Amino acid sequence: MRAVGAGHSWSDVALTDGYLVKPDRLGGVPALDDGTLTDDARGRRLVRVLGGTHLRTLNAELDRAGLALPNMGGYDAQTLAGVVSTSTHGSGLRWGPFPDLVRSLDLVVAGGEVVRVEPPDGPTDRGAFDAVYRGERRLIQDAGTFAAAACGIGCLGLIHSLVIEVREKFWLNEVRTCSTWEACRDTLTADKVLGDGDHYELFVNPYARDDGRHKVLVTRRADCPQPSRLPQDKRERHPLTELEASLPITGFLLRLVARLLPSLIVGRFDATLDGMCDDGYANVSYDVFNIGEANHLPAYSMELGVPVDGRHVEAVDRILEIAGRERRRRRYQTSPFSLRFVAPSDAYASMMYGRPTMMIELIMVVGTPHGYELLATYEDALADLDVRPHWGQYNTLTPERIAALYERWEDWLGVERELNRSGVFASPFTGRAGFRARDRSARSPTPARPRSPR
């Protein structure tokens with residue numbers, strides 16, 4: 001049995017040859033207090049959310065209550081359970097990924113048992129919990145179990161609901177300027193731009209100009225006062241979207257161009273990035289975070305997490321070298337790639353576990369010749385930098401690599417064996433990852449390629 005969120009992942013993480021659970025009717029924001037909250041929890045900005053709630057629905061509910069997510073990625077159609085389970089993230093070293101917003105979660109685990117998992121100081125009062133549920137549910141308040149369950153990759157149980165911590169409603173101003181990788185690379189440290197406290201990210205053209213430099217779009221988003229008048233336009237803020245609009249071509253034609261004339265696409269990257277620069281766009285936070293229609297483009301991607309300790313700069317240098325070399329072989333990276341920065345996570349299976357992380361998202365237009373092979377080349381070439389691939393995006397992870405990358409992996413597996421005793425949540429992914437292998441799964445050592453991304 002496998003649960004799927006919004007179907008936004010391109011890896012095999014949500015695939016199954018058994019039963020697929022769609023959480024479409026498991027959405028909404030019920031009352032926070034089910035009669036079990038501690039006094040301390042009642043005084044915090046906590047919200048109980050059903051696992052299948054889409055972020056756009058959650059954003060609207062929070063907005064009505066004068067609240068907001070502290071951070072989010074560029075897409076609002078994902079489900080909360082989905083972004084938590086795969087450690088989805090935004091950008092800025094002040095903010096961790098989605099699992100680090102979670103304070104409690106209710107799971108349906110093997111055998112149909114319902115368990116609530118929290119850290120020892122979780123928001124549930126044990127005495128009140130026992131009185132309300134009278135043995136029908138089990139409360140686990142344990143640091144290790146919670147650190148595993150907070151990023152369970154869909155393997156520990158079906159997420160019924162979560163309690164997350166949010167903040168007051170706020171507004172952001174987004175400013176985009178153009179620079180070059182060569183000018184930015186030495187500023188990417190905590191005592192320089194990464195320590196400024198804003199939502200900072202880069203889009204990098206993988207191909208050099210005639211002067212040998214690589215154009216970069218620098219995006220900075222910072223809290224601002226409520227604008228006196230909110231903008232009426234919904235700007236597009238992603239290179240692929242603006243590329244499509246500037247040609248102009250449909251998604252179908254974009255795939256066709258990527259397949260037959262990828263050099264035409266990559267030749268427009270500098271102009272596309274130049275056209276995205278502006279001096280400010282202020283709106284409510286979740287509108288500014290969301291990149292909009294770009295999420296519906298025919299694309300797939302790989303995302304690699306590398307420690308922010310010098311290795312992150314070397315990783316980008318290697319990608320640029322590989323992209324230039326492969327271009328000469330007519331193998332193209334058909335989008336600029338993004339660099340986002342995330343605080344260390346406490347979740348054992350998070351790509352950001354225990355270290356500040358730069359996430360490198362390498363995007364391909366569907367139909368790009370040798371696109372998957374080029375992504376695999378990047379992953380292999382950066383392996384010695386201890387890059388952790390995103391679970392929900394294309395990757396070629398093996399059991400040996402997973403065990404080497406995650407120092408608490410055995411602890412995570414111990415919780416998986418406890419909550420998934422029957423193996424009901426096994427899948428092709430768990431077979432490839434080296435645990436809970438099934439006969440049919442074990443015959444597929446490499447990840448399946450998605451037929452219809454997004």
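Which residue in E15 stands opposite Glu-201? I opened the predicted model with this in mind and found Arg-340 facing Glu-201. I then looked up the strands concerned, and noted that E11, residues 199–204, and E15, residues 337–342, pair in the antiparallel sense over four bridges.

**Sheet.** I followed the strand order outward and wrote down an open sheet of eight strands, E13-E10-E12-E11-E15-E16-E14-E17, with antiparallel pairing. Strand E13 (278–284) and strand E17 (388–389) are at the edges, and because each has a single partner strand, one side of each is left without a neighbour in the sheet.

**Aromatic pairs.** I counted twelve aromatic pairs. I noted for Phe-129 and Tyr-133 that the ring centres are 4.9 Å apart with the planes at 50°, so this pair is tilted. Both residues belong to helix H4 (residues 126–133), where they are four residues apart, about one turn of the helix, and I recorded Phe-129 and Tyr-133 as buried.

I turned next to Tyr-372 and Tyr-394, an edge-to-face pair with 4.9 Å centre to centre and 65° between the planes. This pair links distant parts of the chain, 22 residues apart, since Tyr-372 is in helix H13 (residues 371–381) and Tyr-394 in the loop between E17 and helix H14 (399–405); both tyrosines are buried.

**Cluster and charges.** I listed Trp-391, Tyr-406, Trp-409, Trp-412, Phe-429 and Phe-435 as one aromatic cluster. Over the ring of Tyr-406 I found the charged end of Arg-388, 4.9 Å from the ring centre, and I also noted Arg-167 over the face of Phe-170, at 3.7 Å from the ring centre.

Key:
Residues are numbered from 1 along each chain as its sequence is written. This is a predicted model: local features need pLDDT of at least 70, side-chain atom pairs count only at pLDDT 80 or more; totals for chains, interfaces and linings use all residues. Side-chain values use heavy atoms; hydrogens and water are left out. Two strands pair if DSSP finds at least two bridges between them. Helices (H or I, at least four residues) and strands (E, at least two) are DSSP runs, numbered from the N terminus. Rings of Phe, Tyr and Trp (its six-membered ring) pair if their centres lie within 6.5 Å; planes under 30 degrees apart count as stacked, over 60 as edge-to-face and the rest as tilted. Buried means under 20% relative accessible area, exposed over 50%, partly exposed in between (1.4 Å probe, protein chains only). A charge sits over a ring if NZ of Lys or CZ of Arg is within 6 Å of the ring centre and within 35 degrees of the ring normal.
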